[in-house]
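Have your viewer open and your selection tool ready. We will walk through this model one stop at a time, picking a piece and then looking at what is there.

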Amino acid sequence: MVSRAERAPHPMRESGMFTAGLRHRVGRFLLIGIPLAILVIWTTLPILWAVLSSLKESLEIYESNTLLPANPNLDGYRTVLAMRGFDSWLFNSFLVTVVATIVPLVLSIFAAYGFARYAFRFRHILLLLYLVPRIIPRVSLIVPLNSLMSDLGLINTYWVLFITYTASAIPLSTWILVGFFAAIPKEIEESATMDGANMWHRLRRVILPIAWPGVVTAAVLCIREAWNEFAFVLALINETSMRTLPYQLYMLKDSMGVQDYAVYNAFTVLTVLPLLVVYLLLERRVVESIVSGAVK
Amino acid sequence: MGIKKLFGLALTGAMLSGAMAFGFAVQPAGAQERSIKVWFGRENFIPDDRFETFNAEYPDIKVDFEVIRLEDVNAQLILAMRSGNAPDIVQIHSRDVEQLAINKVVKDFTAGIEEFKTRFPETYGQLAPLTWEGASDSKGNLYGAALFAQSIYLTYRTDWLAEVGIEPPLKTTDRVLEAARKIAALDGDRLGFSLIGCCHSTVWELPLFLSMGGQVVDGVPQIDSEAGIEWISFYQTLLNDGSAHADTPSWDSGQMRAAFIGERAGMMNEGEHIYVEVHKQMPYGDGKWAFEALPTRPGQTEPQVQSGFAFPFIVTSANEDEEAALLVIEYLARPAFAKQVAIRYQPTTNAAVAEDPEYLAAKPWAGDIVPIASNLISLPTHPTRVIQIYDVLKELRSAMVANPGADPAGIAAEFQTKLNDAAGI
């Protein structure tokens with residue numbers, strides 16, 4: 001039988017535990033809480049600023065430093081939605097984003113599987129060469145690309161955007177997927193082979209389900225790249241109906257008049273919104289996949 | 001929605017887009033045999049009817065038009081030339097005409113303009129000399145027509161000037177500085193003068209330099225001169241006196257304009273097109289604001305020069321149908337269409353518009369501008385090194401407003417060397 005004195009925690013020990021717990025909590029707050037709060041403010045404040053500015057009156061942004069609009073209104077959004085061609089720009093952005101996500105993703109899955117699973121000569125150099133288009137500044141590619149696409153007669157077509165966006169996304173997605181595929185133990189594939197699975201089945205039934213978070217991550221980055229791309233569309237498209245949303249956002253900048261920042265920010269918000277929705281949707285899937293993988 | 005469904009939808013979208021790109025959804029070719037492509041520098045320059053009247057008058061000519069920002073047009077034009085998608089007519093800054101002509105990007109359209117004169121004498125007769133000056137090179141070759149042009153005027157709050165006991169016109173820079181100082185001293189919320197500090201070309205500052213007796217020799221502003229030093233000193237004094245906002249070095253044109261329109265600044269140097277916005281906030285008829293020619297130096301012996309700059313429509317070397325180009329230029333020059341642009345945006349060089357009752361009703365200040373704008377000269381430019389020279393002038397503007405305490409003579413000497421280097425002298 002344990003005596004009461006033995007069961008009760010020693011006052012000194014209890015006080016020490018409390019101090020240690022407090023120190024732990026303070027430490028956690030300082031090391032994690034504060035940086036996290038700064039990060040959240042850092043990332044959300046510009047979006048919040050854009051949203052609130054889009055609700056302001058046209059000159060208000062110049063006159064007041066306050067974040068909140070004095071007389072919130074949706075005039076900026078009405079102006080943007082009434083713009084001649086807004087539906088075309090939205091459609092163009094959607095179209096090139098869909099193509100420049102699906103195509104690079106499919107090609108990258110095969111490429112990454114090859115790089116991750118097959119040992120062949122110059123594999124590492126080839127993988128490194130995949131990065132070259134992303135190392136070279138995009139602006140320096142504009143003139144040769146314009147020249148090439150002109151020769152092919154593709155300027156001002158969807159093809160020019162499909163090709164350049166896809167080419168730009170493939171290295172990114174391949175590199176991401178190589179890492180995910182290489183991390184999958186070979187034994188799992190070997191077991192599948194023993195059960196009679198061919199390469200296609202192994203990739204489809206074994207590798208892809210396990211590496212699904214990687215595929216979704218690559219997809220999210222491809223979507224972001226294509227949706228926000230600006231330099232190529234500026235150089236390769238000059239017809240109004242073929243423009244994408246970022247191009248048109250740039251066109252709103254008017255140095256010869258008084259910049260209407262409410263409209264400018266309303267356009268920004270409407271440009272970012274679809275991306276934000278897709279991003280949040282897919283981000284949840286990534287987290288779910290990672291968590292379920294961890295439990296298994 | 002499941003992720004597989006989402007990808008399924010996306011895949012269907014990709015297939016559809018592929019089909020479209022392959023040409024399944026291509027529109028049938030038009031019935032018109034001739035076509036002409038026009039690039040406007042701003043949406044605001046496009047006629048309200050979007051060439052409907054033109055199409056009715058010339059049904060065999062199809063007009064395609066796009067908006068390519070004036071800031072990007074030179075680079076875009078060269079890329080479009082290379083790709084075979086160049087426009088027939090392009091709107092550019094007048095300062096770039098000669099450089100593009102030397103590079104054979106634009107076409108000598110002198111003969112076309114001669115034909116304009118013969119075929120459309122009425123429209124031709126309405127166009128002011130700046131129409132041709134703003135679209136020609138130093139040899140007098142014409143490349144199109146500058147149908148819209150503007151100048152910079154000293155713009156001020158008359159009610160505030162009255163408050164500080166100063167009666168316009170101000171005429172000289174010392175009076176402008178005095179007025180700015182007194183307005184700023186009225187209360188902490190008011191600025192004497194609203195200035196640009198960054199981000200744009202120096203078309204706001206160069207006209208003042210010329211007005212103050214500054215000279216431009218072979219396209220190079222001679223800032224290391226009495227006029228140049230006083231010009232630099234003028235901007236520095238506005239900052240030193242606290243007449244301009246302390247954040248001026250980061251102010252762009254929007255901030256400068258908004259300070260005046262938002263009734264926070266007493267003066268600014270600005271073009272007439274911005275008066276449309278000022279008028280919305282403070283109706284001109286109320287007499288709260290007015291304008292005059294840019295000021296001169298006190299005791300200046302050189303004549304006051306009021307300079308302007310145009311946004312000409314230029315025929316490019318890609319054009320193969322000169323008659324169609326001529327017809328489009330004539331169409332844009334007509335008072336009915338030039339007036340639309342002039343009412344909402346930039347003033348036109350079609351003199352007939354200046355007397356139009358609708359125009360005068362929309363821009364009640366227009367009649368007061370005529371005497372100042374009647375002798376506009378085109379802002380001098382360098383034939384081949386204009387971009388480099390403007391880059392140096394931008395840097396100079398930053399130096400003037402960011403270093404108000406620096407010796408203006410020192411700044412003038414330093415930047416004259418840079419300007420000469422930029423011009424290859």
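Helices here are DSSP runs of H or I with at least four residues, numbered from the N terminus. Keep in mind throughout that this is a predicted model.

**Stop one: a helix in chain B**

Start by selecting residues 73-83 of chain B, which make up helix H3. Just past the end of H3(B) you will find B:Gly84, with a positive phi near 80°. Now go back into the helix and colour its buried residues: B:Val73, B:Gln76, B:Leu77, B:Leu79, B:Ala80 and B:Ser83. These buried residues lie on the same side of H3(B), because they cover an arc of only 165° around the axis. The spacing makes sense: an α-helix has 3.6 residues a turn, so residues three or four places apart point the same way.

What covers the buried residues of H3(B)? Show both chains for this one: the cover includes H8 and helix H13 (231-236) from chain A, along with S1 and S3 from chain B.

**Stop two: the sheet beside it**

Stay with S1 and S3 and bring up the strands around them. Five strands of chain B form an open, mixed sheet, and they run in the order S2-S1-S3-S11-S4. Strand S2 (61-67) and strand S4 (144-145) are the edges, each pairing on one side only. Zoom in on S1 (residues 34-40) and S3 (residues 89-91) of chain B, which pair in the parallel sense over two bridges. Label B:Trp39 here, and you will see it stand opposite B:Val90 in S3(B).

**Stop three: backbone details in chain B**

Next, select B:Pro168 and B:Pro169. The peptide bond from the former to the latter is cis, with omega near 5°. B:Pro169 sits in the loop between helix H8 (158-163) and helix H9 (173-186) of chain B.

Move on to B:Cys199, in the loop between H9 and helix H10 (206-211) of chain B. B:Cys199 is not a glycine, yet its phi is positive, about 80°. Is B:Cys199 buried or partly exposed? B:Cys199 counts as partly exposed, because it has 15 C-beta neighbours inside 10 Å.

A further positive phi, about 60°, belongs to B:Glu263, again not a glycine. To find B:Glu263, look in the loop between helix H12 (253-261) and strand S8 (267-271) of chain B. B:Glu263 has 18 C-beta neighbours inside 10 Å, so it counts as partly exposed.

**Stop four: two helices of chain A**

Switch to chain A and select helix H5 (residues 86-117) and helix H12 (residues 212-228). They pack at an angle of about 145°, with their axes 8 Å apart. The crossing of H5(A) and H12(A) is right-handed. To see the contact, show side chains including A:Val96, A:Ala100 and A:Pro104 on H5(A), and A:Ala219, A:Cys222 and A:Trp227 on H12(A). The residues of this contact divide into 11 nonpolar, four polar and no charged.

**Last stop: where the chains meet**

Finally, select the contact between chain A and chain B, with 27 residues from chain A and 31 residues from chain B. On the chain A side, helix H3 (60-63), H5, helix H8 (138-151) and helix H9 (158-182) each supply at least two residues. Which helix of chain A gives the largest share? That is H5(A), with five residues. Colour this side of chain A by class and you get 14 nonpolar, 10 polar and three charged residues.

Notes:
Residues numbered from 1 in each chain as written. Chains lettered and ligands numbered in written order. Predicted model: local features only at pLDDT ≥ 70, side-chain atom pairs only at ≥ 80, totals over all residues. Axes fitted to C-alpha atoms, helices over the stretch in contact; angles between N-to-C directions. Left-handed = near helix turned anticlockwise from the far one by under 90°. Contact = placed C-beta atoms within 7 Å. Nonpolar A, V, L, I, M, F, W, Y, C, P; charged D, E, K, R; others polar. Pairing = 2+ DSSP bridges. Buried ≥ 20, exposed ≤ 12 C-beta atoms within 10 Å, placed from the backbone. Arc of directions from axis to C-beta.
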